[in-house]
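Open the model in your viewer and keep the sequence panel visible. The tour below goes from selection to selection.

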Amino acid sequence: MTFFDLAVRNIKRHWLRSSLAVIGIVIGVIAIATLGIMGNSIGLMFSDMVTDVGDTLIVSPAAGVGGGKLTDREVTDIRRAVGSNVVIPFSTTADKVSVGEKESVVMIYAIPAEDIPLLLEKESGNYPRDTGGGCMIGSQVAANSRDNGLKLGARASIGGDTLRVVGVLKERGLGFDINPDYAIIVPYSWYSNHYDEDDYDQVIVKVRDVNDLDAVKAAIEQKMNRREEVVNVMDTRGILESIFAATDAITVFLAGIGAVSLVVAGVSILNVMLMSVTERTKEIGILRSIGTRRKEVMRMFIYEALILGLVGAAIGGVLSFCAGYVTTAVFVGNPDYLFHPKSLLYILFGMAFGVFTSVASGLYPAWKAAQLNPIEALRYE
Amino acid sequence: MPVISFENVTKVYPLPAGDVVALDGVDIAIDEGEFVLIMGPSGSGKSTLLNIMGSLDVPTSGEVTIAGRKISGMDDDDLTLLRRDHIGFVFQQFNLIPLLSVVENVEYPLILKGRQNIARNRAKEVLMAVGIAETHFSHKPGELSGGQQQRVAIARALVNDPDFLLCDEPTGNLDSKTGTAIMDLLSRMNRDEGKTIVMVTHDIRMTEYADRTIQLEDGRVVV
C-alpha cells in the first residue's frame with residue numbers, strides 16, 4: 001500500500017466521475033493531435049502538389065507599365081542581366097479549341113520552341129518545332145480527350161488555324177510559373193503570327209545554382225528597374241517558404257483550438273478534484289492527525305490527477321491515431337501523411353499536454369487539501 | 001522525565017467578539033506508564049488541551065514538552081512527525097480510513113515511516129493482540145462492529161509503538177458492554193505493556209481505570 005495505491009483507490013471509488021474527467025482529457029488529446037495532423041497534412045499536401053521550383057525566378061511586368069507586357073528588348077535586357085542562366089519568355093491566353101465536332105476552351109501557353117524541352121517534360125510523342133504546325137497538350141487535357149478530342153495525333157483547330165498534337169506532357173502539378181497540366185503548349189512563333197503579338201507576358205529564369213538565386217534576382221532588378229519599376233521579380237523559393245509558414249501557422253492555430261478543449265478538460269479535472277477534497281476533508285483530517293505530512297497529502301492528490309492524465313493520454317493517443325488515419329484518409333486523401341514524423345509528433349504532443357494539463361489542474365486542489373487544518377478537518381462531517 | 005509536560009500553558013483564540021481564553025496557565029506533568037483521565041464540563045478546555053498534547057495545535061504561551069521535545073518553534077512538518085512517531089490517537093468515532101482494509105489501516109503509520117518491509121507482519125501481530133480475528137483482516141472498516149472498529153483504531157495507534165496513547169472519548173460511541181471491553185483492553189495495555197494513556201472523557205465511571213484524574217474548569221486545572 002502506497003500513496004499511489006491510495007490514489008488509485010480514490011479514483012476507483014468515484015469511477016463515474018473519474019471516467020468523465022478522463023473523457024475530457026481524451027477529447028482534448030484527440031483534438032490537439034487530429035487538428036495538428038490535419039494542419040500538417042495540408043502543408044504536406046501543398047509541398048507534394050507544388051513542383052519543385054526552388055530554382056526559378058518569375059519576372060513579370062510591373063503593374064501599369066507598357067500595358068502589362070514585356071517587350072523583346074526587355075527580354076534581351078533580362079538575358080544580359082542573368083548571364084548564363086536560362087531565360088524562357090512566354091505568353092499565355094485562352095481560346096476555343098475544336099477537334100472535329102468537339103469544342104472546348106483551353107488555356108494556351110506560347111513558349112519559344114527551343115525552350116519547351118528546358119521547362120517541360122514529355123510523356124509521349126515529340127516537342128513541337130517552330131515549323132510544322134505542332135502543339136503539345138498537358139496531362140489533364142490528354143486525360144479528358146473523350147470530351148475535348150485532344151489526343152496524340154489529333155488535329156486541333158484554333159481560330160481557323162490547325163495544329164497537330166505531336167506530344168503529351170508529363171503531369172507537372174501546381175506550379176508558380178506555369179500550370180501546363182490543363183493547357184496546350186504552342187511554339188511562340190505560331191502564337192506571335194496567329195495573334196499578331198510580339199510581347200511576352202512573363203519570363204521564367206531558371207537559375208543553375210540555387211545559391212545564386214538572390215544574386216540573379218538582384219541583378220535583374222538592378223538592370224531593369226534602374227529608373228522606374230519596370231518588372232517584378234518573384235522568387236519561387238520565397239513563395240514556397242511563405243506558403244509553408246502559412247500552413248505552419250494554420251497548424252499551430254488548429255492545434256491551439258485543440259488545446260482550448262484540453263484546457264476545458266483541465267477545468268473539469270480541477271472541479272472534480274476540488275469536489276473530492278471537500279468530500280474527503282474528514283479523511284484528510286484523519287490522515288494528517290496520525291502523522292501524514294502536508295507534502296504527502298499533496299502527493300496523493302497529484303497522483304490522482306497524474307493517473308487521470310495518463311489514462312486519458314493513453315486512450316487519447318490510441319484514438320488520435322485512429323482519428324488521424326480518418327482525417328488524413330478522408331480529408332486529405334493520403335493516409336501516409338499520418339506516418340510523417342511531424343504528424344506522429346502531434347499525437348505525442350497532445351498526450352504530453354494532456355498529462356500536463358491534468359497535473360496542473362490537480363495542483364491547486366492538492367495544495368488546498370494539504371493546507372487543511374487537521375483539527376477542523378477532523379471535525380468536518 | 002515526564003512524557004508530557006505543560007508549564008504555564010495558555011491558549012487564546014482571538015475572536016471578533018473578544019479573545020477566548022481556552023487554557024489559562026495550565027501546568028501538567030504526565031509520567032511514563034501513567035493512565036490519566038482529563039475531565040471537565042464542556043467549554044472547560046479539554047479539547048484544546050488534547051489538541052496541544054497531540055501536537056495538532058500549539059499554545060499561545062508557555063512551554064509544552066512532548067516525548068522530550070519542546071514544541072515551541074516547531075513547524076507543521078515537525079509537529080506532524082512528532083504525531084507520527086510518538087503519539088497514538090484513539091478517537092471517539094474510530095476514524096479509520098474507509099478505503100483501506102483493516103490490516104492496511106493498521107500498517108498505514110508504518111508505511112508513513114517507510115517501514116514497508118515489516119508493516120504487514122507487525123500490523124497482524126498488533127491486530128491479534130487487540131483481539132481482532134484474522135478473518136477480519138481483509139475486511140473494510142465499515143464491515144465491522146463499532147467495538148471491533150475501535151479495536152482496529154487502537155491497533156493503529158499502537159503499531160508505531162508510541163510514547164503515549166491519546167484517547168478522546170474512546171467509548172463514547174459504544175454501548176456499555178462494548179465500552180467496558182475496550183476499557184479493559186486499554187487498561188491491559190497500560191498495566192501489562194506499560195503504555196502511557198491520556199484519556200479525555202465525560203464518563204465518571206472511567207475513573208476506576210485511571211491512576212489519577214486531571215479536572216479542568218474554565219481553562220484551569222482545578223484538581
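How many helices and strands does chain A have? Select chain A of this predicted model: there are 13 helices and 10 strands. Its radius of gyration is 33 Å, well over the 21 Å that the globule rule gives for 381 residues, so chain A is more spread out than a compact globule. Turn the view to the principal axes, along which the C-alpha trace of chain A spans about 105 × 50 × 30 Å. Colour by burial next: 44% of the 381 residues of chain A count as buried. If you draw the contacts in chain A with a separation of 6 or more, 83% of them come from residues 24 or more positions apart.

**Helix 12 of chain A**

Select residues 341-371 of chain A, which make up helix 12. Do the ends lie where the residue count puts them, and what span should be expected? At 1.5 Å a residue, the 31 residues should span 45 Å, and the end C-alpha atoms are 45 Å apart, which agrees. Now centre on Leu363(A), where helix 12 of chain A bends by about 30°. Within four residues after the bend comes a proline, Pro365(A).

**Strands 2, 3 and 9 of chain A**

Select strand 2 of chain A, residues 86-99. Add strand 3, residues 102-111: the two run antiparallel and are joined by 9 bridges. To see one of the pairs, show Lys96(A) and its bridge partner in strand 3 of chain A, Val105(A). Then go to the hairpin of these two strands, which has 2 residues between the strands. Gly100(A) takes a positive phi there, near 60°.

Now add strand 9 of chain A, residues 202-206, which strand 2 of chain A meets through 5 bridges. This pairing is antiparallel as well. Pro89(A) is a place to look, standing opposite Val203(A) in strand 9 of chain A.

**Chain B as a whole**

Hide chain A and show chain B, which has 6 helices and 10 strands. What radius of gyration would a compact globule of 223 residues have? The value would be near 17 Å, and chain B has 17 Å, which agrees. Along the principal axes, the C-alpha atoms of chain B fill a box of roughly 55 × 40 × 35 Å. Of its 223 residues, 46% count as buried. Among contacts in chain B between residues at least 6 apart in sequence, the share that joins residues at least 24 apart is 70%.

**A sheet in chain B**

Select strands 1, 2, 4 and 5 of chain B: these 4 strands form an open sheet in the order 2-1-4-5, with antiparallel pairing. The edges are strand 2 (20-30) and strand 5 (69-70) of chain B, each of which pairs on one side only. Zoom to strand 5 and its neighbour, strand 4 (residues 61-66) of chain B; 2 bridges join them, and they run antiparallel. Here Ile66(B) stands opposite Arg69(B) in strand 5 of chain B.

**Three residues of chain B**

Start with Asn8(B), in strand 1 (residues 4-13) of chain B. Its phi is near 50°, a positive value in a residue other than glycine. Asn8(B) counts as partly exposed, with 13 C-beta neighbours inside 10 Å.

Move to Asn95(B), in the loop between strand 6 (87-90) and helix 3 of chain B. Phi of Asn95(B) is also positive, near 55°. Is Asn95(B) buried or exposed? With 22 other C-beta atoms within 10 Å, Asn95(B) is buried.

Then pick Ser145(B), in the loop between helix 4 (116-129) and helix 5 (146-158) of chain B. Ser145(B) is exposed, with 12 other C-beta atoms within 10 Å. Draw a C-alpha to C-alpha distance from Ser145(B) to Ala157(B): they are 12 residues apart in sequence and 18 Å apart in space.

**Where the chains touch**

Show both chains again and select the contact, which takes 20 residues from chain B and 16 residues from chain A. On the side of chain B that touches chain A, the elements giving two or more residues are helix 2 (76-86) and helix 3 (102-112) of chain B. Helix 2 of chain B supplies the largest share, 6 residues. Coloured by residue class, this side of chain B divides into 9 nonpolar, 3 polar and 8 charged residues.

Methods
Residues numbered from 1 in each chain as written. Chains lettered and ligands numbered in written order. Predicted model: local features only at pLDDT ≥ 70, side-chain atom pairs only at ≥ 80, totals over all residues. Expected span 1.5 Å × (residues − 1). Bend = angle between axes of the 7 residues up to and from the residue. Pairing = 2+ DSSP bridges. Rg over C-alpha atoms; globule rule 2.2 N^0.38 Å. Buried ≥ 20, exposed ≤ 12 C-beta atoms within 10 Å, placed from the backbone. Contact = placed C-beta atoms within 7 Å. Nonpolar A, V, L, I, M, F, W, Y, C, P; charged D, E, K, R; others polar.
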